[in-house]
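The exercises below are to be worked with the sequence and the model at hand. Each task is followed by a solution that proceeds step by step.

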Amino acid sequence: MHISEGVLSPAVLGGGAGLAVMGTAIGLKKLDYEAIPRVAILSAAFFVASLIHVPVGPVGLHLVLNGLMGLLLGWVAVPAILIALFLQALLFQFGGLTVLGVNTVVMAAPAVFCFYAYRGLLRRPGTAAAVGAFACGATAILLSGLLVAVALITTGQSFLEVAELVLLAHIPIMIIEGIITLFIFLFFQKVRPEMLEGIYA
Amino acid sequence: MSPIQEPFADGVSLAHRLDPRGKIVVAGLFAVSVAVAQTYATALAGLALALVCLALARLPLKKVGARLLVVNAFIFFLWFILPLTYPGDAVWQFGPFTVSRQGLLYTGLITLKSNTIVIALIALIATAPVNTLGQALQRLRLPDKLCHLLLFTYRYLHVLELEFQRLVQALKIRGFHPGTNLHTYRTYAYLAAMLLVHSCDRADSVYRAMLCRGFHGKFYSLRIFSWQPRDRVFGAVSLLALAALLYLEWRGAGPL
């Protein structure tokens with residue numbers, strides 16, 4: 001869910017931009033020059049994966065996968081998500097320039113949080129890791145929804161109902177993202193376990 | 001047809017020929033000044049300026065309109081709720097719902113601001129190819145790593161999209177029909193996972209190829225940005241226009 005230009009108050013925009021700059025600085029510090037191609041190509045893959053529309057009843061929801069991105073990249077997910085959102089603003093005019101900071105925080109903060117929160121669970125074998133993978137995908141979306149709601153409500157109390165609806169709309173996405181993240185995790189475990197080495201570091 | 005395109009980047013208009021560094025700075029300042037505006041006067045003046053930029057860019061209006069329509073989806077959703085929930089004088093009542101005058105004005109202002117910024121961004125930023133923007137951002141002293149990330153991500157966007165379409169085609173050939181069931185979700189998950197696995201393999205070979213060619217953390221660009229007289233005029237006029245916007249906002253202080 002991208003917040004459009006011109007909706008949020010200056011204080012929220014400024015706060016989001018500040019947090020995004022800090023997160024990006026940390027992420028860039030942890031990013032070596034030799035890792036740039038890997039991170040960039042993964043980021044492009046996530047961008048393309050977000051074009052997949054998953055049918056849920058009559059509507060199609062597009063994948064977000066920010067939980068998985070956090071899992072694979074840790075703090076580096078922040079600059080990767082910033083770039084992906086910047087490209088979306090450039091190519092599709094989704095989101096925008098002044099809301100880039102807020103939108104980055106909305107997507108990237110849950111990614112980093114999930115990385116640290118579920119890393120321990122995902123290292124364990126069997127069902128525990130599967131539960132962790134589902135929870136990782138679902139929690140990331142839940143937190144994103146909550147952050148959007150917080151950004152809207154701090155802009156003005158009149159956005160309360162809008163924020164509630166946005167949060168409600170995130171519930172089906174949460175479940176789908178949990179399931180998809182779970183299957184992707186199981187696939188990586190079987191096919192390419194070295195892609196998951198970030199959670200063991 | 002590929003959804004990842006830059007339909008506005010090619011052209012010979014004045015907006016296309018301006019130095020991208022100047023355009024980025026002006027577009028950023030303009031977007032911020034309109035985003036913080038609280039009065040209709042500022043927003044309308046901003047819209048006029050954005051339309052002037054759009055006219056200078058001579059873009060196909062049909063495509064711009066189509067883009068704006070998509071962008072307004074969120075705004076459209078706001079129109080259904082904000083006028084009903086914003087406190088103020090009632091102008092219209094049906095059943096339990098009350099539409100307030102202030103709510104209508106507020107939603108109108110948001111719509112105006114949102115479209116103004118997007119039009120300006122289309123006219124100023126989308127008229128430069130992403131590669132050029134990446135190099136311009138580097139000259140504007142953004143962190144090197146961030147610019148490399150941008151250039152690389154954009155470079156591989158199309159490659160991975162082709163990869164993605166190849167995988168989707170393979171699914172279709174095998175008679176895959178999406179529905180609301182676990183099989184669909186598992187298939188899509190494996191599709192995304194396969195895309196990520198392929199992308200990792202590709203990243204490895206790309207990096208090795210770069211090392212073979214002597215990469216040591218720097219991209220050399222043959223593009224030279226030159227600050228022409230027309231850029232000076234554009235910069236000066238833009239600064240005056242921005243100052244006028246800020247003056248309008250300051251004079252008409254107070255919401256609505």
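## Exercise 1. A proline in a helix

Pro110(A) counts as buried, with a relative accessibility of 1%. The model from which this value is computed is a predicted one.

Task: State in which element Pro110(A) is found, and how far its C-alpha atom is from that of Val48(A).

Solution.
1. Pro110(A) belongs to helix α5 of chain A, which covers residues 100-123.
2. Along the chain, Pro110(A) and Val48(A) are 62 residues apart.
3. In space, 20 Å separate the C-alpha atoms of Pro110(A) and Val48(A).

## Exercise 2. Cysteines and disulfides

Task: Determine how many disulfides the structure holds over all chains, and explain why Cys200(B) does not form a bond with Cys136(A).

Solution.
1. The cut-off comes first: two cysteine sulfur atoms must lie within 2.5 Å to count as a disulfide.
2. For Cys200(B), the closest cysteine sulfur is that of Cys136(A), at 17 Å; this is too far, and therefore no bond is formed between them.
3. Over all chains, the count of disulfides is zero.
4. Burial is judged separately, the limit being under 20% relative accessible area. Cys200(B) is buried because its relative accessibility is 7%, and Cys53(B) is buried at 18%.

## Exercise 3. Salt bridges within and between chains

Task: Identify the residues that are joined into one network by salt bridges with shared partners, and describe the pair formed by Arg202(B) and Glu163(B).

Solution.
1. The total over all chains is five salt bridges.
2. Arg192(A) pairs with Glu194(A), their closest N and O atoms being 4.0 Å apart.
3. Arg192(A) is buried at 19% relative accessibility, while Glu194(A) is partly exposed at 47%.
4. Arg192(A) also meets Asp201(B) in a salt bridge, with an N to O distance of 2.6 Å. This pair crosses between chains: Asp201(B) lies in helix α9 (residues 182-212) of chain B, and Arg192(A) in the segment after α7 (160-191) of chain A.
5. Asp201(B) is partly exposed, its relative accessible area being 33%.
6. The salt bridge between the side chains of Arg202(B) and Glu163(B) spans 3.7 Å, N to O. Arg202(B) lies in helix α9 of chain B and Glu163(B) in helix α8 (residues 144-173) of chain B, so this pair ties together parts that are 39 residues apart in sequence.
7. Arg202(B) is partly exposed at 31% relative accessible area, whereas Glu163(B) is buried at 10%.
8. The network sought consists of Arg192(A), Glu194(A) and Asp201(B), joined by salt bridges that share partners.

## Exercise 4. A nonpolar patch and a hairpin

Task: Find which element gives the largest share of the nonpolar patch formed by Trp79(B), Leu84(B), Val91(B), Trp92(B), Phe94(B), Phe97(B) and Leu104(B), and describe how that element pairs.

Solution.
1. The patch lies on the surface, and its residues together have about 670 Å² of accessible area.
2. Two elements of chain B, α5 (73-85) and β1 (90-94), give two or more residues to the patch.
3. The largest share comes from β1(B), with three residues.
4. Val91(B) lies in strand β1 of chain B and is partly exposed, with a relative accessible area of 49%.
5. β1(B) pairs with strand β2 (residues 97-100) of chain B in the antiparallel sense, over four bridges. Ala90(B) has Ser100(B) in β2(B) as its bridge partner.
6. The two strands, β1(B) and β2(B), form a hairpin with two residues between them. In the turn, Gly95(B) has a positive phi of about 60 degrees.

## Exercise 5. The domains of chain B

Task: Give the bounds of the domains assigned to chain B and the separation of their centres.

Solution.
1. The domain assignment places residues 14-128 + 226-251 in domain 1 and residues 142-212 in domain 2 of chain B.
2. Taken over C-alpha atoms, the centres of domain 1 and domain 2 of chain B are 35 Å apart.

Terms used. Residues numbered from 1 in each chain as written. Chains lettered and ligands numbered in written order. Predicted model: local features only at pLDDT ≥ 70, side-chain atom pairs only at ≥ 80, totals over all residues. Heavy atoms only, no water. Buried < 20%, exposed > 50% of the residue type's maximum accessible area, 1.4 Å probe, protein only. Patch = residues over 30% accessible without salt bridge, like charges linked within 9 Å, V, L, I, M, F, W, Y side chains within 5 Å. Areas by Shrake-Rupley, 256 points an atom, 1.4 Å probe, with all protein chains shown as cover. Pairing = 2+ DSSP bridges. Domains from an automatic or database assignment.
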